[in-house]
Each structure stands twice: as structure tokens, then as C-alpha cells.
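Colleague: I have the fold on screen and would like a close look at one helix pair. Please walk me through how the two pack, residue by residue where you can.

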Amino acid sequence: MSTSEAPAAATVIPIDDVARQHGKAPAVATEPPPPAEASAAAPAAAAATAPRKTGVPFFRRADRGSRCVALVDLVLRVAAFGPTLAAAIATATSDETLSVFTQFFQFRARFDDFPALLFFMVANAIAAGYLVLSLPFSAAVVLRPQAIGLRHLLLVCDTIIVAMLTAAAAAAAAIVDLAHSGNLRANWAPICMQFHGFCQRTSGAVVASFLAVLIFVFLVILAAFAIRKR
């Protein structure tokens, strides 16, 4: 008599139990993000991981206009130094002696004989010295356009110098015109008919000084424009 044994039932081990036996958590399938979210997140991730570009402050686009104005200011100061120095030197050396009949009767024309010409010479000398002293401040503004304090300082000093130089040039121009034309009502004869060298030097100095006044006016306008723009 043959006996047949029933097959043993197969044991089913859940996947969770196998993962727990090996000490690992079951892998959870994650669905990929929608295409719209993936495309929006990609640039943000790239911007976060990309190195930030830092430009050199000297070449910042926001300061280019102010830097150009400051550079023009520096060039104008160098250009104004020549006329003021030339006017001061020409006036200080305007000395001419005129002999009449004999050497015992001499007439002399000097700039210090006229208070207006003396003031004119001193004012031009001060303006020339101020321009030299202001060059480092102007160069600092070129390197640092955001330095508004230096711009205000230069604007105030330029206004004072241009006022003083204009007054001195106007007074000297009146004396030079009187030397050339004279005054018939006051019986003042024109001395330029005899003192040619004296009149030529003083006339050239007045022209150079008025040229410096014009440059200073441009400096004041540029400084005001730069301050208003900032």
C-alpha cells in the first residue's frame, strides 16, 4: 500500500521583512517632477551653483558717466594752470623805463604802481597755486566717483576762486583799457603810446586770465552737474 504525502506549503516572506532583516529601508519609488516644474527648477539650481561674477569696481557701468565727468574736471584743471601762471608772471615782469631827453629824466611804469594790477597778479598766483593743490583731490574723485564730499569741497573752492579771479581780471582790464585809450574828460593821456612793452604784457595777461575764468566756469558747471546726477 503506497502512501502519498501532501506537499509542504511554501512560506511567503514579505519584502518588508527581508529589508528589515538586512537593515535597509525599502526603496520608495518617486515619481519624476512634472516637465514645467523641472524646467523652472533647472535655472534656479544652475544660478545657485554657478560662481558669482565680481567685476572690478573701476569698470562698473554705473560709475562710467561720473568717472568721465571727473576725468574732464582733471584735464580742465591742468589746462587752467597755464593761463593763470602766465598771467601772474607776465604782470610781475611788466616793468618798463622810458628816458625823455636825457637819462636824468626817466618815466617808469610798473605793475605795483597800479593797485588793480597788483591785486590782479596776486589773484592769478593764488589761482595757480590752488589748481596745483586741487589736482590730487580731482584725481581721487576719478578713482572714487562716489566721493560726494570731495566734489562739494571742490565746488565751493572753485566758486571762491572764480569770483576772485573775475574781479581781478575785470579791474585789470579797466586799467589796461585806460592805458590804451586814456580819458579825455579827466585829461588822462594814453600811456601805451610810449610804454609799448608794458601795455603788451598787461594786455596779454588780462586775456590769459579771462581764459582761466572761462575754464573755472566750466569746472563749476561740471561739479554741479555731477553732484546733481549722484
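Modeller: Start with S138, which is buried because its relative accessibility is 1%, well within the under 20% that counts as buried. Keep in mind that this is a predicted model. S138 sits in helix 4. Which residues does S138 touch, once neighbours within four places in sequence are left aside? They are A70, D73, L74, R77 and L154. L154 falls within helix 5, which covers residues 148-181. The other four, A70, D73, L74 and R77, belong to a span that UniProt lists as a transmembrane region, residues 68-94.

Now the pair itself. Helix 4 takes in residues 115-143 and helix 5 residues 148-181. Two packed helices are described by the angle between their axes and the distance between the axes. Here the axes come within 9 Å and cross at roughly 160°. Helix 4 is therefore roughly antiparallel to helix 5, since angles over 145 degrees are put in that class. The crossing of helix 4 past helix 5 is left-handed. What kinds of residue make up this contact? The residues divide into 24 nonpolar, three polar and two charged.

Next, look at A116. This alanine is in helix 4. A116 is buried because its relative accessible area is 17%, and the cut-off is under 20%. Leaving aside neighbours within four places in sequence, A116 is in contact with A171 and I175. A116 and A171 are 55 residues apart along the chain, yet their C-alpha atoms are separated by 5.7 Å. Both A171 and I175 lie in the range of helix 5, residues 148-181.

F119 is also found in helix 4. Is F119 buried or exposed? Neither label fits: F119 counts as partly exposed because its relative accessibility is 39%, which lies between the 20% and 50% limits. Beyond four places in sequence, F119 is in contact with M164, A167 and A168. The C-alpha atoms of F119 and A169 are separated by 9.2 Å, with their positions 50 residues apart along the chain.

L118 belongs to helix 4 too. L118 is partly exposed because its relative accessible area is 36%. Its partner to note is A88: 30 residues apart in sequence, 9.7 Å apart in space, C-alpha to C-alpha. A88 falls in the listed span 68-94.

Turn to the other partner. C157 is found in helix 5. C157 counts as partly exposed because its relative accessibility is 26%. C157 and V220 are 63 residues apart in sequence and 9.4 Å apart in space, C-alpha to C-alpha.

How does the record annotate this part? An unreviewed UniProt entry lists residues 68-94, 114-141, 153-176 and 205-227 under "transmembrane region". Of these, residues 153-176 are 100% helix and 0% strand, with end C-alpha atoms 34 Å apart. Residues 68-94 are 93% helix and 0% strand, and their end C-alpha atoms lie 40 Å apart.

Last, step back to the whole protein. Its secondary structure comes to six helices and two strands. Along the sequence the pattern reads α-α-α-β-β-α-α-α. Buried residues make up 29% of the 230 residues. Take the contacts between residues at least 6 apart in sequence: 75% of them join residues at least 24 apart. The A116 pairing with A171, 55 residues along the chain, is one to inspect on screen.

How values were computed. Residues are numbered from 1 along each chain as its sequence is written. This is a predicted model: local features need pLDDT of at least 70, side-chain atom pairs count only at pLDDT 80 or more; totals for chains, interfaces and linings use all residues. Side-chain values use heavy atoms; hydrogens and water are left out. Axes are lines fitted to C-alpha atoms, for helices over the stretch in contact, and angles run from 0 to 180 degrees between N-to-C directions. Helices (H or I, at least four residues) and strands (E, at least two) are DSSP runs, numbered from the N terminus. Angles under 35 degrees count as roughly parallel, over 145 as roughly antiparallel, 65 to 115 as roughly perpendicular and the rest as oblique. A crossing is left-handed if the near helix is turned anticlockwise from the far one by less than a right angle, and right-handed if clockwise. Ala, Val, Leu, Ile, Met, Phe, Trp, Tyr, Cys and Pro count as nonpolar, Asp, Glu, Lys and Arg as charged, and the others, Gly among them, as polar. UniProt positions are given in the numbering used here, feature names are shortened, and annotations may be inferred rather than shown by experiment. Buried means under 20% relative accessible area, exposed over 50%, partly exposed in between (1.4 Å probe, protein chains only). Contact means heavy atoms within 4.5 Å.
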